[in-house]
Amino acid sequence: MNNPQDLFKKVISHAKEYGFVFQSSEIYDGLSAVYDYGQNGAELKKNIRDYWWKAMVQMNSNIVGLDAAIFMHPTTWKASGHIDAFNDPLIDNKDSKKRYRADVLVEDYCAKIEQKIEKEVKKAKKRFGDAFDKAEFMATNARVLGYYKKINSILKRLGKSLENEDLADVKALIEELEIADPISGSRNWTDVKQFNLMFGTKLGASAESAMDLYLRPETAQGIFVNFLNVQKTGRMKIPFGIAQTGKAFRNEIVARQFIFRMREFEQMEMQFFIKPGTQKKWYEHWKEARLKWHLSLGMGADNYRFHDHEKLAHYADAAADIEFKFPFGFKELEGIHSRTDFDLSQHEKYAGKKLQFFDPEENKNYVPYVLETSIGLDRMFLAVFSNSLKEETLENNSSRTLLKLPAVLAPYKAAVLPLVKKDGLPELAKNIFKELRWDFSVIYDEKDAVGRRYRRQDAIGTPFCITVDHKSIEDKTVTLRQRDSMEQTRVKINDLSKIINKEVAAKHWLKRL
Ligand code: GAP
């Protein structure tokens, strides 16, 4: 699976084959960019959500949770700017009749230049061997510097044109770069137009009295409209945060790359309310804190990077993405946004109600500024899943497919396997299974030879296999097999819970923060 495209195909097929992700309404040929999570996917997704919640809410005494409704009063979206400004620039190809996001076409063009840089690095590494210094090479090689200059100037121009709503220049840029339709190769483009991403629906029984509603495009607004409810009832003092996870909906123009860009997805967002003027400090704080959360999962520091936004959303005075190296390259995984007092001020204006905090230290009221961290749960799922999927060649030249999930996120923490289906082994194995499931999510499997059962558990990422054999009945010990090293040790049945817990408990992972 050295080729990234092969890896991505394998990710999609493995996710389906092992009950992680299914196309929505598959029996009706599916619904584009909508997905369902299967028996193992639902567990993995829940574990990612719990890991986030624990780090953000449980471990921060000044952050509390919220579960706001998906439907919100329609004025919310006027106030937040989504009705007027939540648009994507779209462009159609006149020959293929395919629709694209104009900015994504340009960004993909830049990603191709980045691939050229990676090739240069690989070549140089081969040439210089152990003496190769990547940082120095990147800073001095004329070809690499030229590529970076080109990328920067393209993205700067794109950012400016989008900020100024100069859609004619976005089209001019696409034409100047000679960007072709990725499917047909045609360069016959329409003008660039804006397209609002919100899904509309109606509330009410009769056509006359029905009210136009939107499915929320971000969970954040549920937090803003509840700012005062939570602050007052929770007696919260600034700085404090409100966190929530939940569904969001966007009518994405180009929905592709599996669960990377979906029309219905889940967000995990936290709005941190702060004193105006302190936003720079908190922006840096949350950038660092969120990166540490990612790194705690041990998926490799090289797979993350920050990308500072040139084009700022209508509400932000600074914004950065934490990008992750997906099989199709570095892409946004999480956003950290300094949202100023934009949202609360707008809701004050449209609702005609004060949304302010009385600061006893300053002896005055003010509208707090907001620092937001916003991550897509499905995108995090894809990051974890694609990074964990490995194909290994074993010593006897056979191969195994392994889902090397961080143990804290694995759907099952252990599988209990009787060596054979007789001699009292299933009974003992079932007793162990029943006892362990008080502490962890565990699975019992007695079908097929034990080697095949190990492979099945490797493929769904179960970190431990517990094998019960004849000796177990005599001395109350079992074989404990580690997923990654395949190492097997003999341990006491009574010690199992403690040994497994040490490896899978969130505490063990979050302590790295
Ligand atoms: N409240 C701010 C906000 O919604 P965003 O950058 O539009 O900011 C935040 O979205 C995160 O939500 C992204 O970093 C991404 O992980 C996730 N996300 C956004 N659109 C998505 C989509 N169509 N499918 C899956 N995840 C998406």
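A residue counts as near the ligand if one of its heavy atoms lies within 4 Å of it. In this predicted model, 22 residues surround the ligand. The structure also holds 38 salt bridges. The points below cover the ligand shell, one buried arginine, three of the salt bridges and one exposed threonine.

**Ligand shell**

- The closest of the 22 residues around the ligand are Glu218, Glu252, Met262, Glu269 and Glu332.
- At least two shell residues come from each of strand 10 (264-274), strand 13 (329-340) and strand 16 (369-376).
- Strand 13 gives the largest share of the shell, with 6 residues.
- An N or O atom in the side chain of Arg250 is 2.8 Å from an oxygen atom of the ligand.
- Gln267 places a polar side-chain atom 3.0 Å from an oxygen atom of the ligand.
- With Leu333 the contact involves the backbone, where an N or O atom lies 2.8 Å from an oxygen atom of the ligand.
- On its own the ligand has 560 Å² of accessible area, and the protein covers 93% of that.

**Arg216**

- Arg216 sits in the loop that runs between strand 8 (211-214) and helix 9 (220-225).
- Arg216 is buried but has no salt bridge.
- The nearest side chain of opposite charge belongs to Asp67, 5.8 Å away; a salt bridge requires the side-chain nitrogen and the carboxyl oxygen to be within 4 Å, so this pair does not qualify.
- The side chain of Arg216 does reach two backbone oxygens: that of Lys247 at 2.6 Å and that of Ala68 at 3.2 Å.
- Leaving aside residues up to four places away in sequence, Arg216 touches Ala68, Ala69, Ile70, Trp77, Gln244, Gly246, Lys247, Ala248 and Phe249.

**Salt bridges**

- Side chains of opposite charge can pair when their charged atoms come close.
- Glu120 and Lys123 form a salt bridge with an N to O distance of 3.9 Å. Both residues belong to helix 5 (residues 102-128), where they are 3 residues apart, about one turn of the helix.
- Glu120 counts as buried because its relative accessibility is 11%, while Lys123, at 48%, is partly exposed.
- Asp212 and Lys202 form another salt bridge, with the closest N and O atoms 2.5 Å apart. This pair links distant parts of the chain, with Asp212 in strand 8 and Lys202 in strand 7 (residues 200-203), 10 residues apart.
- Asp212 has a relative accessibility of 47% and is therefore partly exposed; Lys202 has 56% and is exposed.
- In the salt bridge of Arg455 with Asp458, the closest N and O atoms are 3.7 Å apart. Helix 15 (residues 450-460) holds both residues, 3 residues apart, about one turn of the helix.
- Arg455 is partly exposed, at 31% relative accessibility, whereas Asp458 is buried, at 0%. Through salt bridges that share partners, Glu392, Arg400, Arg455, Asp458 and Arg481 are joined into one network.

**Thr140**

- Thr140 belongs to helix 6 (residues 134-140).
- With a relative accessibility of 53%, Thr140 counts as exposed.
- The side chain of Thr140 reaches the backbone oxygen of Glu136 at 2.6 Å.
- Thr140 and Pro463 are 323 residues apart along the chain, and their C-alpha atoms are separated by 44 Å.

Conventions: Residues numbered from 1 in each chain as written. Predicted model: local features only at pLDDT ≥ 70, side-chain atom pairs only at ≥ 80, totals over all residues. Heavy atoms only, no water. Helix = DSSP H or I, 4+ residues; strand = E, 2+ residues; numbered from the N terminus. Buried < 20%, exposed > 50% of the residue type's maximum accessible area, 1.4 Å probe, protein only. Lys, Arg positive; Asp, Glu negative; His and termini not counted. Polar contact = N/O pair within 3.5 Å; in protein donor to acceptor, adjacent residues only side chain to side chain. Contact = heavy atoms within 4.5 Å. Areas by Shrake-Rupley, 256 points an atom, 1.4 Å probe, with all protein chains shown as cover.
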